[in-house]
Amino acid sequence: MTEHPTSHDGGRAKAAGATGPAQPRGAVLHSPDTPAAMALPAQGEPSGAEHAQVPEGQAPSEARPGPRPGSQSDTSSGAGPAAGPGASSGTSSATSPGTSPGASSGRTKRGSKSSARRAAEQDGPPGSSGNSGGVPAARGGGDKARREGDRLRFVGAATRRIARGMDLDEIVMGLCRATVPTFSDVILVYLRDPLPVGEERPVGPVVLRLRRTDRIPDSPEDTEDSVTDGVLQPVLQLQPDAGPAAELCEVQTGGALAEVLRGVRPVFGESATSRAALTELLGEDRPLPVARRVILAPLRGRRRVIGAAVFLRRPERAAFEGDDLLVAAQLATHTALGIDKAVLYGREAYIADELQRTMLPETLPQPTGVKLASRYLPAAETARVGGDWYDAIPLPGSRVALVVGDVMGHSMTSAAIMGQLRTTAQTLAGLDLPPQEVLHHLDEQAQRLGSDRMATCLYAVYDPVAHRITIANAGHPPPVLLHIGGRAEVLRVPAGAPIGVGGVDFEAVELDAPAGATLLLYTDGLVESRLRDVWTGIEQLRERLAAAAELTGPDHSPPLEALCDDVLDMLGPGDRDDDIALLAARFDGIAPSDVAYWYLEPEDSAPSRARRLARRALERWGLESHTDAIELLVSEVVTNAVRYASRPITLRLLRTDVLRCEVVDDVPQLPRLRQARATDEGGRGLYLVNRMARRWGATRLSTGKVVWFELNR
């Protein structure tokens, strides 16, 4: 449930039997040619017979001295005695604007303010009760014109306040703050739950939920809504026995509320239909105000009614006038259109955010021999889409491909192109192509997408067994390698041309990847901005990494997640001109003592030799308990390879957190799992692998395929 804060932070002592806020909120307006007392009155002031009388021969403007309601002097002076018919005109209303504040006592000043406010309320716009209380009849036409002008200025200020809201809550709050206490004493805003968006057609019954309520406090101490079990509850105390308004209301088809909402125009609560609609909306047990002290205004968006607003005035205040229906209509129209646009904008931002989120990996894999961490920061929180991406793709042989790229632009189109290039890179990586070949095919794909589709990309393949990394670059900033001793170096990688240029060759380099080192791949948003060029940023990044390594000592690598956060902290004010994608890889590697590697000729004796070699390796590692399972599965996979291979077969066992077996042959056709019949002599090898292994798979290589399986240690 949405919290419903009150209108004021503090109360004011009651004056003349009415309650008003210490500083009236809302659009308090003044006519340019009238003194401050002619402004919109503070709520809760008395009206009618208690208005101050204008002495004969005195100009009307002289009968309204004193500061405007809500000023500092008015707040500090407190509530003075009411200037009733028996009050002396010489002490309560005869002070002219030119009179010095020290010319009369404090009691006289307070009486003058109260009289001035009551006189101003008589002539004020929203909520005035007409020409009464001793104002000369000859001024009736001028008072009406002045009220109309103030009413227009109030509507203008209120709609501007509503229009300043960017989201749903800001718009609804703008409506409440603009109308309480200037236009009404209490406002309740009901919205459809859920709110329809754009062209979608809601199904099911129309349900209105109380989104927000705002009111004048009932006493100086009543500055917050009532609290029940620590939850703010909306309070609407128009009558002594009134309970809180209903939070949910299901609009009955053919009911009074549905009829009023269908009519769109605001209505008073004086007809039987409108009173029945209010009863249905607010609840059966709510005592309703008298006819013209409540306005029910439907909120209609571009295509449908999206809610309703209820404006109420208390018994001690003047009732609404007929022109106030026009004011309520203007406020309801601007609020509904603003809500419609805010909801539509929120949906578009959500779609863009989800598009970007689905384009990037939800979680990073945890391949053997390497730890990974990543960060992504959009250029702006209001538009979380861009062309930067990163990826980590497990490859056969316990290798992993590390990819980072940047498509030109920050639009939905850039994000869509990025998604296509990322998918293409994943497909090419699955074919186990060399890094330079992957970039070549990405370049061709970018040209097929359009002549102006440009991107940079860096593709690296890490082999934890050989402790080597192969890198190819297409116009991307070079990676930085942080050694375990604290030395950070920018790797010398050929820059290459960006993807999409076409007709260029890409070159790959193979470098050492020592255990404990950390490779950092990033996009240019991290190192380039309006305040620095790219090479200055790369040097600052290198120094930042070296400083982070010094804190952990020469024998330990800095924590990977903390290192990513520390790198992003190098960004200062004004450095966020572009999206940032960051991928960090900690090379743990696989020790040579944990690897067993053999070549087998494709002969009938190969399966028995494979079983014997696997048994010896398990004995050396102290894993004799896995001997039977390994011998059986190795025999089945090697037998299948011998049946079709024409070149030597590779058998490799890896001891890491799991026990992994890999069999490589030169046949590109992948094996598939099938259910063997009872009369078949073969076809059960992969079935056994599938039942006994923790995981298994087959991947096509550029020179054949690899079939692998894993067992828990």
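**Aromatic contacts and a buried helix**

Phe183 has a relative accessibility of 0% and therefore counts as buried, in a model that is predicted. The residue that follows in this account, Ser184, likewise counts as buried because its relative accessibility is 0%, where the cut-off for burial is under 20%. Ser184 is placed in the loop that runs between helix 5 (168–179) and strand 1 (186–192), and its side chain comes to 3.3 Å from the backbone oxygen of Val186.

Aromatic rings offer a way to move on from this loop, since the structure holds 5 aromatic pairs. In one of them, Phe183 and Phe320 are tilted with respect to one another, with 5.3 Å from centre to centre and 45° between the planes. This pair links distant parts of the chain, for Phe183 belongs to the loop between helix 5 and strand 1, while Phe320 belongs to the loop between strand 8 and helix 8 (324–359), 137 residues apart. Phe320 is buried, its relative accessible area being 3%. Phe183 and Phe320 also belong to one aromatic cluster together with Phe154 and Phe311, and over the ring of Phe183 sits the charged end of Arg313, 5.6 Å from the ring centre.

A second pair has another geometry: the ring centres of Tyr462 and Phe587 are 4.2 Å apart and their planes stand at 20°, so this pair is stacked. Here too distant parts of the chain are linked, with Tyr462 in strand 12 (residues 455–463) and Phe587 in strand 18 (residues 580–587), 125 residues apart. Both Tyr462 and Phe587 are buried. A charged residue and a ring also meet elsewhere, where Arg660 lies over the face of Trp708 at 4.4 Å from the ring centre.

Helix 6 (residues 256–263) shows how a helix is packed into its surroundings, and its buried residues are Ala256, Leu257, Ala258, Val260 and Leu261. These buried residues pack against several elements, including strand 2 (207–215), helix 7 (272–282) and strand 8 (305–312). Just after helix 6 comes Val264, which takes a positive phi of about 70°.

These details belong to a protein whose secondary structure comes to 15 helices and 23 strands. Of its 713 residues, 52% are buried, and the protein exposes about 31700 Å², of which carbon and sulfur atoms supply 50%. Among the contacts between residues at least 6 apart in sequence, 70% join residues at least 24 apart.

Technical notes:
Residues numbered from 1 in each chain as written. Predicted model: local features only at pLDDT ≥ 70, side-chain atom pairs only at ≥ 80, totals over all residues. Heavy atoms only, no water. Buried < 20%, exposed > 50% of the residue type's maximum accessible area, 1.4 Å probe, protein only. Helix = DSSP H or I, 4+ residues; strand = E, 2+ residues; numbered from the N terminus. Contact = heavy atoms within 4.5 Å. Areas by Shrake-Rupley, 256 points an atom, 1.4 Å probe, with all protein chains shown as cover. Polar contact = N/O pair within 3.5 Å; in protein donor to acceptor, adjacent residues only side chain to side chain. Phe/Tyr/Trp six-rings, centres within 6.5 Å; stacked < 30°, edge-to-face > 60°. Lys NZ or Arg CZ within 6 Å of the ring centre and 35° of its normal.
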